[in-house]
Structures are given as structure tokens and as C-alpha cells.
Amino acid sequence: MEATEALARLAEDNGMTLIEMAIAFTLNHPSVTSALIGPRTLQHLRTQLPAADVTLDAAVLDRIDELVTPGTVINPADSSFVNPALQPEARRR
């Protein structure tokens with residue numbers, strides 16, 4: 001929860017919602033070819049679509065990396081798959 005709260009503050013400090021920042025992070029990552037958003041309602045879709053126009057600058061990306069080091073698995077239930085895109089040689093830095 002601490003990481004989520006810190007990321008939400010970072011998004012707010014940079015004029016976007018956490019949802020927008022999360023989707024923009026995915027869309028701007030060189031190892032990602034598409035983002036699956038999965039809104040359940042029209043309102044969800046309306047809150048997610050603005051992320052398509054968000055570009056995260058280097059300072060925001062650096063802060064995200066400080067808060068959640070690349071390759072970190074926050075939820076142990078997600079650790080059953082070793083994603084090759086998260087290996088050091090595939091990271092953006």
C-alpha cells in the first residue's frame with residue numbers, strides 16, 4: 001500500500017491520475033507492444049482514455065523506478081512467471 005500511495009502522490013503532483021500514469025507508463029515502455037485496459041463501464045473507459053495522450057518525462061520515470069525498482073514483484077502471487085521483458089538486458093535503463 002505504501003508504494004501505491006507514493007505512486008498516487010507522484011501522479012497527482014504531475015497533474016494526472018494514478019490510472020493515467022499507470023497506463024501511460026505501460027504505453028511508453030519500449031518492451032510493451034500493447035496495453036490491455038479492460039474497463040467494465042463507460043465511466044471507467046472515460047477515465048482511462050486520456051492516458052493515451054500522456055508522455056512521462058525522465059524525472060517521473062526515474063521517480064517511479066525509485067519507488068518500485070524495475071523487476072520487483074510486489075505481489076508474491078504474481079511470481080509464478082519470469083517475464084523476459086523484465087530481465088536486466090531488456091530494461092529501458
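Which helices do the buried residues of α1 pack against? I started my notes on this predicted model with that question, and I found that the buried residues of α1 pack against α2 and α4.

**Entry 1: helix α1**

I looked up the length of α1, which runs over residues 2-13. Its 12 residues, at 1.5 Å a residue, should span 16 Å, and I noted that the C-alpha atoms at its ends are 16 Å apart, so the expected span and the distance in the model agree. I then listed the buried residues of this helix, which are Ala-6, Leu-7, Leu-10 and Ala-11. Looking down the axis of α1, I saw that these buried residues fall within an arc of 140°, so they line one face of the helix. On the other side of α1, I found Glu-2, Glu-12 and Asp-13, which are exposed. Just after α1 comes Gly-15, for which I wrote down a positive phi of about 75°.

**Entry 2: helix α2**

I next turned to α2, which covers residues 18-28, and asked myself which of its residues are buried. They are Glu-20, Met-21, Ile-23 and Ala-24, and I noted that the buried residues of α2 pack against α1, α3 and α4.

**Entry 3: Gln-48**

I wanted to know whether Gln-48 is buried or exposed. Gln-48 is found in helix α3, which covers residues 42-48. Its relative accessibility is 12%, and because buried means under 20%, Gln-48 counts as buried. Leaving aside residues up to four places away in sequence, I found that Gln-48 touches Ile-19, Ile-23, Ile-37 and Pro-39. One of these, Ile-23, was already in my list of the buried residues of α2.

**Entry 4: the largest pocket**

Finally I looked for empty space in the model. Rolling a probe the size of a water molecule over the atoms shows where such space is left. I recorded that about 1100 Å³ of space lies in the largest pocket, and that 30 residues line this pocket. The lining residues that lie nearest the centre of the pocket are Phe-25, Val-68, Gly-71, Thr-72 and Leu-86.

I also asked which helix supplies the largest share of the lining. That share, 5 residues, comes from α2, while α2 and α4 (58-67) each supply at least two residues of the lining. Sorting the lining by kind of residue, I wrote down 15 nonpolar, 10 polar and 5 charged. My last remark is that α2 and α4, which help to line this pocket, are also the helices against which the buried residues of α1 pack.

Technical notes:
Residues numbered from 1 in each chain as written. Predicted model: local features only at pLDDT ≥ 70, side-chain atom pairs only at ≥ 80, totals over all residues. Heavy atoms only, no water. 1 Å grid on protein atoms, 1.4 Å probe; cavity = no way out; pocket = protein on both sides within 12 Å on 5 of 7 lines; lining within 4 Å. Points joined across faces, edges and corners; volume = space filled by probe spheres on them. Helix = DSSP H or I, 4+ residues; strand = E, 2+ residues; numbered from the N terminus. Nonpolar A, V, L, I, M, F, W, Y, C, P; charged D, E, K, R; others polar. Buried < 20%, exposed > 50% of the residue type's maximum accessible area, 1.4 Å probe, protein only. Contact = heavy atoms within 4.5 Å. Expected span 1.5 Å × (residues − 1). Arc of directions from axis to C-beta.
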